[in-house]
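Okay, thanks everyone. I'd like to spend a few minutes on the ligand site, so let me put the structure up.

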Amino acid sequence: MAEPKIGRLVVVGIGLIGGSLALALKAAGACREVIGVARRARTCEQAVELGIADRAVTDLGEILPQLEPGDVVFVAVPTLAVESVFADLQRGLPAGVTVTDGASVKGSVVAAAEKVWGRVPEFLVPGHPIAGSEQSGVTAARDDLYIAHRIILTPLADTAAEHLARVEAMWRAVGGEVLNMPVDEHDEVLAATSHLPHVIAYGLVDTLAHDAENENIFRYAAGGFRDFTRIASSDPVMWRDIMLANREAILKAIDLYTANLASLRAAVAAGDSEHLMGVFTRAKAARDHFTKMLARKAYTDSMQAQEVTFIAQPGGTVTGKLRVPGDKSMSHRSIMLGSLAEGVTEVEGFLEGEDALATLQAFRDMGVVIEGPVGGRVTIYGVGLHGLQAPPGPLYLGNSGTSMRLLAGLLAGQAFDVTLTGDESLSKRPMNRVADPLREMGAAIETGPEGRPPLVIKGGRKLHGIDYRLPMASAQVKSCVLLAGLYADGATSTTEPAPTRDHTERMLTGFGYEVQRDGARATLRGGGKLAAGRIDVPADISSATFFMVAAAITPGSDVLLEHVGINPTRDGVINILRLMGADLELQNRREVGGEPVADIRVRHAPLKGIRIPEKQVPLAIDEFPALFVAAACAEGETVLTGAEELRVKESDRIQAMADGLKVLGVDAEPTPDGIVIQGAGQGTAFGGGSVDSLGDHRIAMAFAVASLRADATIRIQNCANVATSFPNFAELATRAGMHLQLA
Ligand code: S3P
């Protein structure tokens, strides 16, 4: 049994809330004795019979003289009855005893204390366990009610640390997660999240119950009605009190809801499908997100919270036909341009990975109606270049550098302010590369320390076109400047030091926006329009790469990767693998929606080490983790130079790969702008061991591929982010013949 956290517990009001705390504290051995106090003698008897209280009385005054420092009085009566309990306490509470409560409104509890004591006493710790059920009364008490539930405490300036600590320890002992909040904030948050739903549920059931046809209505009311109105079975006195005690905040919440309901009514009346889809898709996304939050898988912290380890058993071959998910770069841009277009854009082959979904959510947050994705299909109801609305809060972009950098450009010219944030990895990535040119264009944009996220962009700025010479080969920077150029006066040009992916230029053209291209230079003029259309997103060559390398390094392999985008600004991996001697065939070459596409067949062939031509680097920028694995299997030395950009990706990919390869016994020496790898040639190329992907999706998948040529198990830590670009990687890898398990 645990150490008692408190002395005695006096529960004033032995119902669901008070009784459950008593049962749980007793079960945890966290208090010395429970004394119940109830108005009715029968409740006192039941509390003792049910083992909730060791003894129970109807008069609080009777037991006050017995209390000692370290004891806790928990006031669990309906909100408006709290004041009379405080008045009883005021008449005889011994010093050193802590008082706390469980009322759903905190402002009224504080007001009651001020009325009784003339101020909020130092021993009072107002609190509110966010737990309950529609059942009430002493018989509803359960010892597990508070496990993994939040307990909000609203201590005031005068609350003594000793009393606060005691109440915190008490709640933790029963499994609660304690957090502190100011009183007003608590009451506003609860008005919206708890009090409003109760008003609506009571109101709906009452409305239907008064209906002449009610018998029929209730007879046919099935799951939805039952789920939605469950809380209308809650204790009416308790809820009447809450309504009266939190009047102002609840009125605000009701007004907001009424306005929303009125606009839904108007949409139904007018047959406004777009409005209805807007509300329903936004609500569904929010509710799904909330469900994940409850399961401790919040979108916002899934990257950190969810631990995924790949256990890659050695051996296997890779065979069969595979279609890897849609291109990440094009998926981002399809949402961005589709949202800003006039008309409805239909997307197929959309990548349902977390990065592209972060972009999608950002546009939903800015008022764009987006249906899907369902099986890669997305429908976007464009709002035009000037139709975005201010989002309700910061836009959280997870792990996605592309979302943040491209959005920075798009948002620099909007009328509203916006803040862009990301996960731990994104928060370390350089943003001055986009902030600098945007400022030159007239944008007001602030970064965190050392040019890192968050980005705070001020709205209402007039942008002017610039002629920008990129200091590094980066499609994200180029795209950012061009997208800002849509909102700028005059012409905006970018000149890149080496060709980088040109999806922004191609897709803008596809949306009917004129982009002039002249070698390394791209130019557009602000003030035009985007016209909606259809987008067919091919499979992502960066994701296909893992299977291309897998087949290339593994004897007996023969894989056909279908419908892969082979845009010449993305085909470095094909060129590099061919230079290394890979057997790689492009079949069924065709053009789909302005992008070249092919099926890529790869069969095993012995590879040789090469000096990678620097001009291939930007064309294969995301493919190097996998290419390093190929190099480790090649005969002789492979040297990469001119690739310092790899150090500022989702991780420092040169260091992360060198570290992991060394663990697996490969001679891999990082250099400031590349790496030198001594390949094993034929036979085993890797030993086993435990490597850390550092939360970088491509490092994780690259080491999984290495297992095909390993002689022992490779454990790869921190693989949750594989879902950012390739959510079904493990499934496809297994189907192709790799021995990959998740732990
Ligand atoms: C991308 C550009 C590249 C690439 C990233 C996607 C894009 O980044 O690494 O995965 O969609 O524009 P850089 O522009 O930083 O090279």
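So, start at Gln476: a backbone N or O atom of that residue lies 2.8 Å from an oxygen atom of the ligand. Keep in mind that this is a predicted model, so these distances are computed from its coordinates.

Two side chains also come in with polar atoms. On Ser474, a side-chain N or O atom is 2.6 Å from a ligand oxygen. On Lys649, the corresponding distance, again from a side-chain N or O to an oxygen of the ligand, is 2.7 Å.

And how much of the ligand does the protein bury? Taken alone, the ligand exposes 380 Å², and 96% of that is buried by the protein. As for where that is, the ligand takes up the space of the second largest pocket.

Now, which elements build the shell? Helices H14 (328-340), H16 (401-411) and H18 (475-485) are the ones that give two or more residues each. H14 has the largest share, with 3 residues.

If you want to click through the neighbours, the ligand is surrounded by Lys328, Ser329, Arg333, Thr402, Arg405, Ser474, Ala475, Gln476, Arg501, Ile621, Asp622 and Lys649. Sort that shell by class and you get 6 charged, 4 polar and 2 nonpolar residues.

Last thing, domains. Domain 2 (311-315 + 538-742) and domain 3 (331-535) each put at least three residues into the shell around the ligand.

That's my bit, happy to rotate the view if anyone wants another look.

Methods:
Residues are numbered from 1 along each chain as its sequence is written. This is a predicted model: local features need pLDDT of at least 70, side-chain atom pairs count only at pLDDT 80 or more; totals for chains, interfaces and linings use all residues. Side-chain values use heavy atoms; hydrogens and water are left out. A residue is near a molecule or strand if one of its heavy atoms lies within 4 Å of it. A polar contact is a pair of N or O atoms within 3.5 Å; within protein, one must be able to donate a hydrogen and the other to accept it, and residues adjacent in sequence count only if both atoms are side-chain atoms. Accessible areas come from the Shrake-Rupley method with a 1.4 Å probe; for residues, only the protein chains shown count as cover. On a 1 Å grid over the protein atoms alone, a cavity is a set of points where a 1.4 Å probe fits but cannot get out, and a pocket is an open set with protein on both sides within 12 Å along at least five of seven lines; lining residues have an atom within 4 Å of a point. A molecule sits in a cavity or pocket if more than half of its atoms lie within 2 Å of its grid points. Helices (H or I, at least four residues) and strands (E, at least two) are DSSP runs, numbered from the N terminus. Ala, Val, Leu, Ile, Met, Phe, Trp, Tyr, Cys and Pro count as nonpolar, Asp, Glu, Lys and Arg as charged, and the others, Gly among them, as polar. Domain bounds come from an automatic or database domain assignment.
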